[in-house]
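Student: I am new to this structure and would like to learn how its labels are earned. Could we look at it together?

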Amino acid sequence: MKDYETARAGLIKQLEAEIKEKRVLAAMARIPREKFVPKESSHLAYEDGPLPIGWEQTISQPYIIALMTEALELKGDEKVLEIGTGSGYQTAILAELSKTVISVERVPALAESAQRVLNSLGYKNIEIHMAKDTLGWPEMAPYDAIMVTAGAPDIPDDLLVQLAIGGRMVIPAGPRHVQELYRVTRLKDQNRVEKLGGCRFVALIGKGAWEN
Ligand code: SAH
């Protein structure tokens, strides 16, 4: 629809002020965010804010999504793990920018609707799994990049070990309702930890994170 395209172009233009990685912006310019938000809020799909997606979860703010994706420094040949499929919007962006995306979600209805939308858009390089009580998806480790889209109390060791040497993990960590965004690069000796700014995410639930 013409209106969505105009609104999408407007949002991308706005993001250009802060996001320098052209591949991230180009991917976001191709993906119809309106398909990932509930019908009643589709008119808000291109506002730069989070939106409720049911089950007390939210689709993240486009700016934060762009910032986190940029920080992963994807070149196109990576195997990426995403924790918290939610709407599937971030999953689509990762699929555009890497080789394979393994995404885990703990709410079955969200995993199902994300899978449906991603199938309808023709993505073939995404696997969605139901989360177990341990974090991540060790079966397919190591990953070149890990994107965590829910807030953890600390940076979980259980996730760090699923990262390849040289791999990057972007994760919000800190108190339950307001966190700091971190990029952790796994190195042979000591990992590199960088702060990317403040953020607010719903809680990461599971062993090594928050209790439900
Ligand atoms: N990237 C998503 C964000 C959804 S909110 C989007 O933009 O739409 C975070 C999601 O993480 C929620 O759907 C929540 O159910 C999920 N989640 C929380 N803890 C999890 C865990 N341990 N494993 C997998 N998913 C988890």
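**How the labels are earned**

Tutor: Gladly! Keep in mind that this is a predicted model. We can begin at the ligand, where one of its oxygen atoms is 3.1 Å from a polar backbone atom of Ser-60.

Student: What makes that pair with Ser-60 a polar contact?

Tutor: The cut-off for a pair of N or O atoms is 3.5 Å. The ligand oxygen and the Ser-60 backbone atom are 3.1 Å apart, so the pair counts as a polar contact.

Student: How do you know that Gly-84 and Ile-205 make polar contacts with the ligand?

Tutor: The reasoning is as before. A backbone N or O atom of Gly-84 is 3.3 Å from a ligand nitrogen, and for Ile-205 the distance from such a backbone atom to a ligand nitrogen is 2.6 Å. Both values are within 3.5 Å, so both pairs qualify.

Student: How much of the ligand's accessible area does the protein cover?

Tutor: On its own the ligand has 580 Å² of accessible area, and the protein covers 99% of that. The ligand takes up the space of the largest pocket.

Student: Which residues come nearest to the ligand?

Tutor: Thr-58, Ser-60, Ser-87, Glu-105 and Ile-205 do, out of 24 residues around it. By class, this shell has twelve nonpolar, nine polar and three charged residues. Strands β2 (57–59), β3 (79–83) and β4 (100–105) each supply at least two residues, and β2 gives the most, with three.

Student: Why is Thr-85 called buried?

Tutor: Buried means under 20% relative accessible area. Thr-85 has 3%, so the label fits. You will find Thr-85 in the loop between β3 and α4.

Student: And why is Ala-209 called buried?

Tutor: Its relative accessible area is 19%. That is under the 20% cut-off, so Ala-209 is buried as well. Ala-209 lies in the segment after β9 (192–199). The C-alpha atoms of Ala-209 and Pro-153 are 5.9 Å apart in space, although the two residues are 56 apart in sequence.

Student: What makes α4 a mostly covered helix?

Tutor: Eight of the nine residues in α4 (residues 89–97) are buried. Among them are Tyr-89, Ile-93 and Leu-97. Each buried residue has under 20% relative accessible area, so "mostly covered" is a fair description of α4.

Terms used. Residues are numbered from 1 along each chain as its sequence is written. This is a predicted model: local features need pLDDT of at least 70, side-chain atom pairs count only at pLDDT 80 or more; totals for chains, interfaces and linings use all residues. Side-chain values use heavy atoms; hydrogens and water are left out. Buried means under 20% relative accessible area, exposed over 50%, partly exposed in between (1.4 Å probe, protein chains only). Helices (H or I, at least four residues) and strands (E, at least two) are DSSP runs, numbered from the N terminus. A residue is near a molecule or strand if one of its heavy atoms lies within 4 Å of it. A polar contact is a pair of N or O atoms within 3.5 Å; within protein, one must be able to donate a hydrogen and the other to accept it, and residues adjacent in sequence count only if both atoms are side-chain atoms. Accessible areas come from the Shrake-Rupley method with a 1.4 Å probe; for residues, only the protein chains shown count as cover. On a 1 Å grid over the protein atoms alone, a cavity is a set of points where a 1.4 Å probe fits but cannot get out, and a pocket is an open set with protein on both sides within 12 Å along at least five of seven lines; lining residues have an atom within 4 Å of a point. A molecule sits in a cavity or pocket if more than half of its atoms lie within 2 Å of its grid points. Ala, Val, Leu, Ile, Met, Phe, Trp, Tyr, Cys and Pro count as nonpolar, Asp, Glu, Lys and Arg as charged, and the others, Gly among them, as polar.
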